[in-house]
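Here are some exercises to work through with the model open beside you. Try each task before reading its solution.

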Amino acid sequence: MGMTRARHAGFGRNLGLAPLGLGAVALLLGACAEREVILPGKREPIDAVLSGSAPAEVEAEAVTDAARAITLPAQVANAEAPQGLGTQAFRTDHPSLGATLAPVWSVRIGQGDSRKHRIVADPVVAGGRVFTLDSLSTVSAVSTGGQLLWQRDVLPDGADDGDGTGGGLAADGDRLYVTTGFGALTALDADTGAELWTQDLNAPASGRPTVFGDLVYVVAGDDAGWALNKDTGRVAWQISSSESRTNVLGAPAPVVADGLTVFAFGSGEMQAVFSQGGLRRWDASVLGGRPGRALARIDDVTGRPVVADGVIYAANQAGRTIAVNAGSGARVWTAPEGAFGTVLPVAGSVFLVSDRNELLRLSAEDGSRIWGTALPQFVRDRPTRRSEIFAHHGPVLAGGRLLVASSDGSLRSFDPASGGLLGVTDIPAGATTAPVVAGQTLYLVNRKGDLIAYR
């Protein structure tokens, strides 16, 4: 019995030590642990940055929008708009246009937008004709009075019209130059539509060409720049950039300024080369995006480069706009805004439609925001479904106001000083190209494939 009690007593003493050891460990761990820090500030849902509701970052970026006086250049009654706005030699900064607009005629120019095919070529106006390119590679010439003059299919031999889409137009003298998503550049007689020559570019050429001097410049495959003789189509020289697999349909037209030609590529690179030899002069990049947006992973230069007063302005759709010196490529400024269409510098300001569907006015001096006006965003604006976004084309300055043509069926006019809405004109079926102004008439193509003229 004594031995039994002794073993039990010993066992009891061991049990008594265990709680003391665990307590000591707990005290030590408690001494090492830090108190939970509650971060200050307003709580936001994790997807707030995508919803456009009220993310803190957006509020911090914005400044107080306010009207600011602007002195616009005098209106000019331009007869033609033969090429893109990027090269200053082809741009009328402020074309004349009436104070009110109404459609005066429309002409079917071919196939409109579909799930697989898009019209991306803005009309060009030259020699009393308006030239268009539909979504299936048909070129049309329409008189400025609304008569269809000729049509020409520029599909390569053996190609199916459903296999490619996209392209661009540039007029020069008695010739019209056409690029296509089938990887070809074709020269047509502007009077008859007859084919003069075709050059295979070995990659889709869905963007607009630029004709300057004796050469035609074009981007193919979003990673190669070409210079071709405009009379024969023979290749003068080529350049290349980094490959990119996340490109947007429709490459920007090359820009010519002071003996240099500037190409913008899908990788976000811009390369300036000497126009007559293709020797590289400088490189720049339009990189960076808006945090929290999937689109920020696409680096393509979608804000078409434009040169004005020795500075080139360009943007991507991810959330960046830049200004660089045209001669050296040195960065002048960077703004945290993207653009899908033309970046329009005029009168000390830069106007653009941003990646968040705002019509913006920035300072041309430092890129700071002056004002922003919201444009329609989602086609179905419901928390559970926001798959399609309205497309807005422009802006252009004409008749003392900014004009934006939209896929929601509206042609809107805005005050350049304040961003205030001045008027709305109906676009049947909605716009699929930017507006082009010539002869005091505004031209655009709608999503059904109709060329519409407004005066």
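The exercises below go from the core to a cavity, then to single residues and backbone geometry.

Before you start, note that this is a predicted model, in which local features need pLDDT of at least 70, side-chain atom pairs count only at pLDDT 80 or more, and totals for chains, interfaces and linings use all residues. Residues are numbered from 1 along each chain as its sequence is written, and side-chain values use heavy atoms, with hydrogens and water left out.

**Exercise 1. The nonpolar core**

Task: find the members of the largest nonpolar core that touch the most other members, and the strands that supply it.

Solution. Start with the term: a nonpolar core is a set of buried Ala, Val, Leu, Ile, Met, Phe, Trp, Tyr and Cys residues joined through side-chain atoms within 4.5 Å. Here buried means under 20% relative accessible area, exposed over 50%, and partly exposed in between (1.4 Å probe, protein chains only). The largest core has 17 residues, and those touching the most other members are Val262, Met270, Trp282, Val286, Val307, Ile312 and Val324. Next, look at the strands (DSSP runs of E, at least two residues, numbered from the N terminus). At least two core residues come from each of E14 (255-257), E15 (260-264), E16 (269-274), E17 (280-285), E19 (311-315) and E20 (321-325). The most generous is E15, with three residues. As background, nonpolar side chains in soluble globular proteins tend to be buried together.

Now take Val307 and list its contacts (heavy atoms within 4.5 Å). Beyond four places in sequence, its partners include Val255, Val256, Ala257 and Ile312, as well as Gly86, Thr87 and Arg91.

**Exercise 2. The cavity**

Task: say which residues line the largest cavity and how they divide by class.

Solution. On a 1 Å grid over the protein atoms alone, a cavity is a set of points where a 1.4 Å probe fits but cannot get out, and lining residues have an atom within 4 Å of a point. Grid points are joined across faces, edges and corners, and a volume is the space filled by probe spheres set on the points. One cavity of 30 Å³ or more is present, and the largest holds about 40 Å³. Its lining consists of Gln83, Gly84, Gly86, Thr87, Phe90, Arg208, Pro209, Thr210, Ala253 and Pro254. Sorted by class, that gives four nonpolar, five polar and one charged residues, with Pro counted as nonpolar and Gly as polar.

**Exercise 3. Thr179**

Task: is Thr179 buried or exposed, and which backbone atoms does its side chain meet?

Solution. Thr179 sits in strand E7 (residues 175-180) and is buried, because its relative accessible area is 0%. Then check polar contacts: pairs of N or O atoms within 3.5 Å, where within protein one must be able to donate a hydrogen and the other to accept it, and residues adjacent in sequence count only if both atoms are side-chain atoms. The side chain of Thr179 has a polar atom 2.9 Å from the backbone nitrogen of Gly168, and reaches the backbone oxygen of Gly207 at 2.5 Å.

**Exercise 4. Backbone geometry**

Task: which peptide bond is cis, and where do Asn202 and Asn357 lie?

Solution. The cis bond joins Gly394 and Pro395, with omega about 5°; Pro395 belongs to strand E26 (residues 392-398). Asn202 has a positive phi near 65° and lies in the loop between E9 (195-200) and E10 (210-212). Asn357 has a positive phi near 55° and lies in the loop between E23 (349-353) and E24 (358-363). Asn202 is exposed because its relative accessibility is 64%; Asn357 is buried because its value is 4%.

Definitions and conventions: Helix = DSSP H or I, 4+ residues; strand = E, 2+ residues; numbered from the N terminus. 1 Å grid on protein atoms, 1.4 Å probe; cavity = no way out; pocket = protein on both sides within 12 Å on 5 of 7 lines; lining within 4 Å.
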